[in-house]
Amino acid sequence: MMGIMKLYRQSPLWFILSAALLWAVNAAAAPVRQLEIRIVIGAEQLTPGSDLELRIYETSGVVRRLPLAHAEAWLPDSTHLIPLKLNEPLEPRNVQRFALYYRPGSALAAPFEIIAADVELPSSGGEPQKLLGMTLSGVIARQGELATEDRAQAAAVCLTDEDCDDKRACNGRERCAPRSPDADARGCVKGTPVVCPVNQVCGEGIGCHGAAPLKPVDSDAQAAASAPRP
């Protein structure tokens, strides 16, 4: 049996499967700046003046609110594909749940039915991945949210230091240490902020530098000032 497993591990198929799995994990964890939401609604229209909003809840406590509709009406039994551009990159691993928030344009509006709503991540080829691997469906009777289940906590825990990196150098390098008493809900530990010399500050992409930019030295003026007076 051990010989068979050893042969399997040495085969090209094992290498291909391992590489594919590694690529899938890295792709799912890569930050994204664009999303696309596909929404199929039921037999009742989205009435004019209604608000529909995608809300993304992150494990850090941040809630992103992305408007999908404001005043326009959506016809019954219609499908809508809406691209969304994010101001700040989103790491799918850090998403706890997502929801659709609905506020009807009229107090007499019928309950709003979502047949299916998928938040799709960018893909270089093949089928796009769904955020959290979940499809949202249900009915919002009045103003409120229709949300997915919370992501399993184990799925949100960091695996490497890169999972914790906030892309900022001045506040120190974050570490993945789930067992540390200082770790947050994702298992990340904050870095130690950079301490600059007196009268200097830390700038992203620059490092420690003077609080005020230095003026260029005029070599001719400096030479004239240092020349002995007659």
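Is Y102 buried or exposed? The points below take up that residue and then the rest of this predicted model.

1. **The aromatic residue Y102.** Y102 counts as buried, at 1% relative accessibility. The cut-off for buried is under 20%. Y102 sits in strand β5, which covers residues 95–103.

2. **Its ring partner.** The structure holds one aromatic pair. That pair is Y102 with F112. The ring centres lie 4.8 Å apart, and the planes meet at 25°. Planes under 30 degrees apart count as stacked, so this pair is stacked. F112 is in strand β6, and the two residues are 10 apart in sequence. The pair thus links distant parts of the chain. F112 also counts as buried, at 0% relative accessibility. In general, a pair of aromatic rings is described by the distance of the centres and the angle of the planes.

3. **Overall make-up.** The chain has four helices and 12 strands. It runs to 230 residues, of which 31% count as buried. Take the contacts between residues at least 6 apart in sequence: 62% of them join residues at least 24 apart.

4. **The open sheet.** Strand β6, home of F112, also belongs to a sheet of four strands. The sheet is open, and its order is β4-β1-β6-β7. Pairing is antiparallel. β4 (79–90) and β7 (136–140) are the edge strands. Each has a single partner strand, so one side of each is left without a neighbour in the sheet. From one strand to the next, the twist averages 25°. Strands of a sheet pair through backbone hydrogen bonds, either parallel or antiparallel.

5. **The β6–β7 pairing.** Which residue of β7 is the bridge partner of E113? The partner is V139. Four bridges join β6 (residues 112–120) to β7. The two strands run antiparallel.

6. **H80 on an edge strand.** H80 lies in strand β4, which stands at an edge of the sheet. H80 is nevertheless buried, with a relative accessible area of 17%. Its side chain makes a polar contact of 2.8 Å with the side chain of S78. Leaving aside residues up to four places away in sequence, H80 touches I37, R38, I39 and W74.

7. **Disulfides: the overall pattern.** How many disulfides does the structure hold? There are four. With bonded cysteines counted along the chain, the pattern is 1-4, 2-5, 3-7, 6-8. A disulfide is a covalent bond between the sulfur atoms of two cysteines. Three of these links are taken up next, among them C158 with C176.

8. **C158 and C176.** The sulfur atoms of C158 and C176 are 2.1 Å apart. The torsion about the S-S bond is about 90°, so the disulfide is right-handed. C158 lies in the loop between α3 (153–156) and β9 (175–176). C176 lies in strand β9. The two cysteines are 18 residues apart, and the pair links distant parts of the chain. C158 is buried, at 5% relative accessible area. C176 is buried too, at 18%.

9. **C164 and C188.** The sulfur atoms of C164 and C188 are 2.0 Å apart. This link is left-handed, with -80° about the S-S bond. C164 lies in the loop between α3 and β9, and C188 in strand β10 (residues 188–189), so the pair ties together parts that are 24 residues apart in sequence. Both C164 and C188 are buried.

10. **C196 and C208.** The sulfur atoms of C196 and C208 are 2.1 Å apart. With -85° about the S-S bond, this link is left-handed. C196 is in the loop between β10 and β11 (200–203). C208 is in strand β12 (residues 207–210). The pair spans 12 residues and links distant parts of the chain. Is C208 buried or partly exposed? C208 counts as partly exposed, at 34% relative accessibility.

Methods: Residues are numbered from 1 along each chain as its sequence is written. This is a predicted model: local features need pLDDT of at least 70, side-chain atom pairs count only at pLDDT 80 or more; totals for chains, interfaces and linings use all residues. Side-chain values use heavy atoms; hydrogens and water are left out. Two strands pair if DSSP finds at least two bridges between them. Axes are lines fitted to C-alpha atoms, for helices over the stretch in contact, and angles run from 0 to 180 degrees between N-to-C directions. Buried means under 20% relative accessible area, exposed over 50%, partly exposed in between (1.4 Å probe, protein chains only). A polar contact is a pair of N or O atoms within 3.5 Å; within protein, one must be able to donate a hydrogen and the other to accept it, and residues adjacent in sequence count only if both atoms are side-chain atoms. Contact means heavy atoms within 4.5 Å. A disulfide is a pair of cysteine sulfur atoms within 2.5 Å. Rings of Phe, Tyr and Trp (its six-membered ring) pair if their centres lie within 6.5 Å; planes under 30 degrees apart count as stacked, over 60 as edge-to-face and the rest as tilted.
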